[in-house]
Amino acid sequence: LSADTGAAGTGAADTGAAGTEAASVDDTQRTLVLRAASCVSCGSNLEWLRQLLADTGRADTGEADTGRADTGADTGAQADKLSYSQIDALAAQASPGAGGLLWAPWLAGERSPFTDANARGTLVGASHATGRAELSRAVMEGVAHSVRALLERVLTEAHPTELLVCGGVTKSAVWMQVLADVLGIPLTVAPDAENAGARGAALLAGQRSGLGWVDSLNPPG
C-alpha cells in the first residue's frame, strides 16, 4: 500500500511520556535490537463500533434488543453486529479526515506513549453532517494516529521507508490504507498476517535457545 500524503488527518501525536521497552539479543554475526510499544485498545475499537452501530440500527427501527439477558447469555448480539466488510464499506464512503470528526481510541485507558488508566475514548467535532460513515472512518483514523504516536516514540533514530504489518486488522484494506496515509510510509502485509506475530516470537525464542538465525519469516509454501 502506498501512502497518500494528501489524505487523512494531521493530528499531532503526544510523545512526551515513556511507555516503551527495549531488549537486545547478541549473536556472533548480528545484533538484534527489539523496541516495543503497544496501545491498550486497537482492534477492540472496531468491536465496540460494530456493536454500537448495530444497537443504533435497532433503535432506529424500534426493534427491541433481546440479545442480552440478565443471566449474561448472549443469544443475538453477536449476530446483530455489523460485519467487518460493512464497517469497511461505511468507512470508504467518508472522505479522509472523516468530516472533521476526531476519535481518541482510549476505551480502556492507555499505556503508551503515555500512561493513564483513566483515559477514555472521546469524539470531537461531531455535527449534523456526522453519520455512520464518518464515525467508522474516524475510529480507523484515531487508531492509526495512536500507532503513529507509538512509532514516533520508538523510532527516534530509524527512518523506515517501508513497514511490515501483521495481525487481524490487516484484513481490512480500507484500514491499511488509512494507516499508510497517516504514517506516510508504504505498508506491506506479512504472509499469514494473523499468525506472524506468534511466529516471529517463536523464531526469536529459537535463536535465543541456540537454534540459530533463520533466513525467512514466511511460512513454507
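**Close-up views of helices α4 and α5 and their surroundings**

**View 1. A salt bridge within helix α4.** E141 and R137 lie four residues apart in helix α4, so about one helical turn separates them. In this predicted model, the two residues form a salt bridge in which the closest N and O atoms are 3.0 Å apart. E141 and R137 are both buried. In general, an α-helix has 3.6 residues a turn, so residues three or four places apart point the same way.

**View 2. The surroundings of A98.** A98 is placed in the loop between α3 (84–93) and β3 (102–104). The residue counts as buried because its relative accessible area is 0%, the cut-off being under 20%. Beyond its neighbours within four places in sequence, A98 is in contact with E134, R137, A138 and E141. A98 thus touches both R137 and E141, the two partners of the salt bridge in View 1. Although A98 and E141 are 43 residues apart in sequence, their C-alpha atoms are 8.3 Å apart in space.

**View 3. A second salt bridge in helix α4.** R148 and E152 are joined by a salt bridge between their side chains, with an N to O distance of 3.1 Å. Both residues belong to helix α4 and are four residues apart, about one turn of the helix. R148 counts as partly exposed because its relative accessibility is 24%, and E152 is likewise partly exposed because its value is 36%; the partly exposed class lies between the limits of 20% and 50%.

**View 4. The packing of α4 against α5.** The axes of α4 and α5 come within 9 Å and cross at roughly 45 degrees. The two helices are therefore oblique to each other, and α4 passes α5 in a right-handed crossing. On the α4 side, the contact is made by R137, M140, E141, V143, A144, H145, V147, R148 and L151. On the α5 side, V174, W175, V178, L179, V182 and L183 take part. The contact thus includes R137 and E141, which are both buried.

**View 5. Helix α5 and its C-terminal end.** Helix α5 spans residues 173–183 and is mostly covered, nine of its eleven residues being buried. The buried residues are V174, W175, M176, V178, L179, A180, D181, V182 and L183. G184 follows α5 and has a positive phi, near 70 degrees.

**View 6. The largest nonpolar core.** This core holds 29 residues, of which L49, L53, I87, M140 and L187 touch the most other members. Two or more residues each are given by α1 (43–61), α3, α4 (132–154), β5 (163–165) and α5. Helix α5 supplies the largest share, eight residues. M140, one of the residues that touch the most other members of the core, also belongs to the α4 side of the helix contact in View 4.

**View 7. A salt bridge between two loops, and a network.** E194 forms a salt bridge with K171, the closest N and O atoms being 3.0 Å apart. This pair links distant parts of the chain: E194 is in the loop between β6 (187–189) and α6 (196–211), whereas K171 is in the loop between β5 and α5, and the two are 23 residues apart. Both E194 and K171 are exposed. Elsewhere, E47, R50 and K81 are joined into one network by salt bridges that share partners. The count of salt bridges in the model comes to six.

Methods:
Residues numbered from 1 in each chain as written. Predicted model: local features only at pLDDT ≥ 70, side-chain atom pairs only at ≥ 80, totals over all residues. Heavy atoms only, no water. Buried < 20%, exposed > 50% of the residue type's maximum accessible area, 1.4 Å probe, protein only. Contact = heavy atoms within 4.5 Å. Core = buried A, V, L, I, M, F, W, Y, C linked by side-chain atoms within 4.5 Å. Salt bridge = Lys/Arg side-chain N within 4 Å of Asp/Glu carboxyl O. Axes fitted to C-alpha atoms, helices over the stretch in contact; angles between N-to-C directions. Parallel < 35°, antiparallel > 145°, perpendicular 65-115°, else oblique. Left-handed = near helix turned anticlockwise from the far one by under 90°.
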